[in-house]
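Work through the exercises below with the sequence and the model at hand. Each task is followed by a stepwise solution.

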Amino acid sequence: MENLTRGREEEHTQARPHGKQEIHEIARVKNAPEIEVPWSIRVMAAWSWRSLVIILVAVAAVFLVIQLSQIIIPTIIAVFLTVALEPLARFFRNTLKFPRVLAAITTILVFVGAVVALITFAGRAIGMGFTRLQDQAVAGFEAAIDWLSEGPLRISVDQLNAWLAEAQRAIQENASVLASGVFSATSSIVSIGAGVFLVIFMGIFFLMDGRRIWVWFVRLLPRNWRGTVHEASIRSYVTLSGYVKAQVLVALIDAIGIAGGAFFLGVQLWLPIGVLVFLFSFVPIVGAVLSGTIACLVALVDQGLTAAVILLVVVLAVQQIESNVLQPLIMGSNVSLHPVAVLLGVAGGTFIAGITGAVFAVPLMAFANTFMLYLSGHDKYPRLATDPNRPGGPPGTLREQILASYGYALDSEDEDTTEYVTGEDENPGSAAVRPDVLTPEEVQEIERQEAARVRDSDDDGPAPAPSSSK
């Protein structure tokens with residue numbers, strides 16, 4: 001701070017030339033060509049190279065994430081799974097008095113069992129209705145061929161046969177490409193299996209030792225960062241938890257509404273339609289369009305045009321209720337993202353990581369938004385500052401958790417834990433002996449004295465340097 005004050009004083013004591021020729025002469029004599037560069041250009045250049053560095057770091061981070069996607073994506077899925085299943089694991093621990101290990105394993109087994117049962121029921125429904133649906137699809141295709149040949153288009157049968165032969169020839173010529181695609185799909189299935197194993201394995205440990213893992217990460221941070229990062233992360237975790245729970249509820253309501261409409265219309269594959277709608281509901285914006293389109297096409301093949309139109313009305317009604325009623329009512333302020341930001345986030349996530357990026361773009365944006373809001377001074381959840389049952393442990397206990405992770409015993413009554421809650425220094429008086437630490441009041445006072453000194457120097461010449469409390 002003293003060097004900054006001295007530099008500003010020397011700058012104001014120098015005579016400021018006003019003519020271009022005078023500036024040129026001074027720059028030539030002092031061999032300082034930067035003097036001739038206008039101040040606005042210097043500011044833009046400083047912003048430019050700093051922005052370029054930030055962009056390069058972001059690009060490198062994205063590249064690293066893509067290269068390690070087979071590890072990072074299962075980790076993110078395990079975190080989301082932990083957030084969604086934590087209430088169930090807490091029920092096993094607190095109500096049924098299960099040990100933490102048994103509670104975590106039981107929670108994962110219940111979740112896996114529910115998913116397997118859902119897929120089994122959906123698979124049986126598909127198997128039962130596939131034969132009829134296939135016959136109806138063939139009949140519909142033949143009816144479409146007849147309409148093309150006898151309808152207003154008047155396309156001849158020979159022309160249609162030629163097009164079909166051309167399509168068959170194209171398939172035969174690209175048989176090698178299709179075979180490689182099958183091989184790629186097989187390798188993808190192996191990768192998916194490995195990813196599922198990682199998700200289950202990490203989910204058990206996150207449910208069992210999630211807080212210890214987080215404390216291990218926090219203690220790697222610099223001492224003055226721990227409290228702020230810990231508190232910001234707790235708020236972000238609450239945001240993520242609210243988003244996951246709300247999204248599951250909204251997806252369930254969408255699936256029940258659309259699958260119920262298909263059931264009453266007599267569509268045999270109503271259960272697979274419900275499962276598909278439930279899964280696609282986790283992809284914002286795009287998922288609703290795709291699942292609704294597939295549901296209407298299945299209804300068209302199974303029950304005809306009238307049923308497809310009615311189901312389309314049902315799909316549109318359910319989606320309107322979701323966007324205008326359910327999302328604002330259930331989501332509340334958990335996400336706090338503009339629809340344009342959601343759309344751009346989904347598009348960017350799809351471009352970077354495909355369907356996985358589209359699924360996780362919005363919750364990750366909500367997590368980062370809450371984190372940055374807390375760092376900038378806006379606390380979305382002020383109740384967490386005094387809530388003893390919050391995630392991450394009661395307020396003021398981070399120091400004990402860190403020391404306990406090292407194996408130390410600590411009497412909380414004898415220790416000051418302020419720094420781990422507010423980010424302040426452990427010794428309140430240490431700021432008086434550290435010249436690089438200023439309180440907000442001292443910063444404002446120095447800025448006020450600087451502004452007054454600059455005004456005085458412009459009117460009456462250079463003024464003496466202001467005194468600092470440091």
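**Exercise 1. Classify Phe201 and Phe205 by exposure, then describe their ring pair.**

Step 1. Phe201 has a relative accessibility of 44% and counts as partly exposed; buried means under 20% relative accessible area, exposed over 50%, and partly exposed in between (1.4 Å probe, protein chains only). The model is predicted: local features need pLDDT of at least 70, side-chain atom pairs count only at pLDDT 80 or more, and totals for chains, interfaces and linings use all residues. Residues are numbered from 1 along each chain as its sequence is written, and side-chain values use heavy atoms, with hydrogens and water left out.

Step 2. Phe205, at a relative accessible area of 36%, is partly exposed.

Step 3. Place both residues in helix H7 (residues 175-218): they are four residues apart there, which means a separation of about one helical turn. Helices are DSSP runs of H or I with at least four residues, strands are runs of E with at least two, and both are numbered from the N terminus.

Step 4. The rings of Phe201 and Phe205 form a tilted aromatic pair, 5.0 Å centre to centre with 55° between the planes. Rings of Phe, Tyr and Trp (its six-membered ring) pair if their centres lie within 6.5 Å; planes under 30 degrees apart count as stacked, over 60 as edge-to-face and the rest as tilted.

**Exercise 2. How many aromatic pairs does the rule give, and how are Phe91 and Phe92 arranged?**

Step 1. The count is eight aromatic pairs.

Step 2. For Phe91 and Phe92 the ring centres are 5.8 Å apart and the planes meet at 55°, so this pair is tilted.

Step 3. Compare the exposure classes: Phe91 is partly exposed at 39%, whereas Phe92 is buried at 10%.

Step 4. Ring pairs join Phe91, Phe92 and Phe98 into a cluster.

**Exercise 3. Trace the contacts of Arg226 and Arg219.**

Step 1. Arg226 lies in helix H8 (residues 226-264) and is buried, because its relative accessibility is 12%.

Step 2. The Arg226 side chain reaches the backbone oxygen of Arg219 at 3.2 Å.

Step 3. The charged end of Arg219 sits over the ring of Tyr406, 4.3 Å from the ring centre. The criterion is NZ of Lys or CZ of Arg within 6 Å of the ring centre and within 35 degrees of the ring normal.

**Exercise 4. Summarise the chain.**

Step 1. The chain has 15 helices and zero strands.

Step 2. Of its 470 residues, 28% are buried.

Key: A polar contact is a pair of N or O atoms within 3.5 Å; within protein, one must be able to donate a hydrogen and the other to accept it, and residues adjacent in sequence count only if both atoms are side-chain atoms.
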